[in-house]
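Here are some notes to read alongside the model. Please keep the sequence and the 3D view open while going through the points.

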Amino acid sequence: MVYITEDMVRRRAEHNECEIFSLEEVSLHQQDIERIEHIDRWCRDLRILYLQNNLIPRIENLGRLKKLEYLNLALNNIEVIENLEGCESLQKLDLTVNFVGRLSSVQSLKHNIHLAELFLVGNPCTEFEGYRQFVVASLPQLKWLDGTDISRSERIRASQGLEEVKRQVWEQEKEYLKRRAREKEEMQRKAAGDEKGNEERSKGCDGRRYSDDSNTAPVLEENKENQEVEENVMSPDLDDEQQEREFWNTPCSFTPESRLEAHRHLEEKRRAKEKEKEKKPKAPRTLITADGRVLNVNEPKLDFCLTEDEENNAIVLDLAVYRHMDTSLIDVDVQPTYARVNVKGKMVLPAEVKPDSSTAQRSQTTGHLVLTMPRAEGEIKVTKTVQRPSGVRQTQRSSSSEDKKSKANVPERLEVDPSKHSAIDLASIVPRQSSKAGPLEASRMNPPATSGHSSFSEGFVDDPDVPPLI
């Protein structure tokens with residue numbers, strides 16, 4: 001059951017700097033409230049009050065709100081209009097989709113002389129014959145009923161046949177109250193049956209009936225098998241889906257009790273889901289056992305590769321860190337027997353390494369983190385060279401290997417001799433010809449070199465008098 005608390009009202013008074021004593025408008029809709037209380041003492045200056053879509057069964061504790069002008073109680077479980085005589089400034093009352101069956105209770109609104117609008121759509125009383133005529137005649141101050149304007153002629157007609165309409169309404173009210181009493185009895189019997197069924201289920205979870213074997217005659221095996229089959233078919237333990245389907249598909253009358261039952265059913269489902277979502281507390285991680293042995297933990301489940309570099313006598317850990325993760329969020333801690341990377345986990349190393357000489361590199365394309373950790377103690381494996389008979393080649397290779405090592409140790413720099421540097425002469429690109437010789441003479445003096453294979457045709461005759469083509 002949800003109660004109206006000071007914290008609830010204060011959280012909905014943000015527009016008034018969380019002050020509730022001077023609050024003029026407050027919205028408490030869809031809060032599963034089952035009783036109106038405290039508002040008439042905390043918010044005396046309230047003008048607008050929203051209480052729709054709750055589970056309120058009765059109008060109460062609103063008589064001190066002298067400045068209240070608009071009260072919204074739609075979608076609740078109200079059956080009688082009452083306790084609103086003290087709301088002297090009330091102008092609009094909304095009771096849409098409630099369970100108001102006592103239409104005569106509308107007469108309690110006579111004292112609200114400023115009441116201009118009244119909404120009773122979706123209530124059982126609206127199905128009564130003469131409903132609108134009775135309300136219009138009982139409340140002369142009304143201007144709109146269920147969103148429809150009340151004309152002067154309608155008011156006159158309603159007042160003329162008021163006595164007959166009152167008699168009809170009272171008869172229909174009696175029938176409705178009898179029907180409501182029967183519905184309440186049925187709901188009580190149903191609730192009692194549900195409680196009894198729950199008790200039986202708790203006593204015998206298998207749902208089978210047991211009898212005294214001493215007083216019963218022996219039963220044939222076939223009858224026993226048939227009995228077991230019937231008991232399994234009629235077992236009360238149904239699946240959750242079947243129970244859910246039965247609950248919503250079972251026909252029932254629309255009453256305050258059925259609405260409350262549906263709400264509680266949904267509330268149980270919601271709580272069950274919340275319990276399922278609640279994570280169980282994680283057990284404390286044991287990274288190092290009592291005997292000092294370090295355990296391998298890969299909590300984020302990252303892909304990794306741990307290899308040994310024999311040439312450099314080191315252990316290389318390639319960790320597939322998330323590509324778009326900032327490098328500042330990665331913390332690397334290398335110890336002699338293990339390496340800890342706070343993304344998040346710790347890698348146990350196969351040998352002891354040098355933490356001070358270790359390096360960490362990360363790829364900018366893939367995001368992989370590579371840790372290179374030199375061994376602290378280990379055998380340095382030297383590659384053996386095969387001896388060859390020619391000593392000269394061996395000396396040359398040894399000298400070349402020594403030169404390579406020396407070159408690898410000493411950085412090389414490229415230098416250019418400034419004396420050999422010369423600018424490009426654009427005039428010398430094409431060879432110069434003598435100034436005295438003309439183009440014809442030059443071509444005759446330097447005929448084209450003929451190769452063994454001539455490109456001319458067989459009938460070609462070279463005439464010296466014909467000048468060459470330029």
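1. Two strands are said to pair if DSSP finds at least two bridges between them. This is a predicted model, and in it 7 strands form an open sheet with mixed pairing. The order of the strands is β1-β2-β3-β4-β5-β6-β7. The edges are taken by β1 (25–27) and β7 (148–149). Each of these has a single partner strand, so one side of each is left without a neighbour in the sheet.

2. Within this sheet, look at β2 (residues 48–50) and β3 (residues 70–72), which run parallel and are joined by 3 bridges. Leu49 stands opposite Leu71 in β3.

3. Strand β15 (residues 369–374) pairs with two strands that can be followed in the model. With β10 (residues 314–319) the pairing is antiparallel, over 6 bridges; here Ile315 has Met373 of β15 as its bridge partner. With β14 (residues 359–362) the pairing is also antiparallel, over 4 bridges, and Gln361 has Val370 of β15 as its bridge partner.

4. The link from β14 to β15 is a hairpin, with 6 residues between the two strands. In the turn, Gly367 has a positive phi of about 85 degrees.

5. Which side chains of β15 point to the buried face? They are Leu369, Leu371 and Met373. Val370, Thr372 and Pro374 point to the other face and are not buried. In a regular strand the side chains alternate between the two faces of the sheet. The bridge partners named in point 3 fall on both sets: Met373 is among the buried residues of β15, and Val370 is among those that are not.

6. Is His265, in helix α8, buried or exposed? His265 counts as buried because its relative accessibility is 15%, and the cut-off for buried is under 20%. Leaving aside neighbours within four places in sequence, His265 is in contact with Glu244, Phe247 and Trp248. Glu244 is 21 residues away from His265 along the chain, and their C-alpha atoms are separated by 9.5 Å.

7. Phe254 lies in the loop between α7 (240–249) and α8 (256–277). Phe254 counts as exposed because its relative accessibility is 57%, and exposed means over 50%. Together with Leu75 and Val97, Phe254 makes a nonpolar surface patch of about 260 Å².

Methods. Residues are numbered from 1 along each chain as its sequence is written. This is a predicted model: local features need pLDDT of at least 70, side-chain atom pairs count only at pLDDT 80 or more; totals for chains, interfaces and linings use all residues. Side-chain values use heavy atoms; hydrogens and water are left out. Patches are made of residues with over 30% relative accessible area and no salt bridge: like charges are joined within 9 Å, nonpolar side chains (Val, Leu, Ile, Met, Phe, Trp, Tyr) within 5 Å. Accessible areas come from the Shrake-Rupley method with a 1.4 Å probe; for residues, only the protein chains shown count as cover. A salt bridge is a side-chain nitrogen of Lys or Arg within 4 Å of a carboxyl oxygen of Asp or Glu. Buried means under 20% relative accessible area, exposed over 50%, partly exposed in between (1.4 Å probe, protein chains only). Contact means heavy atoms within 4.5 Å.
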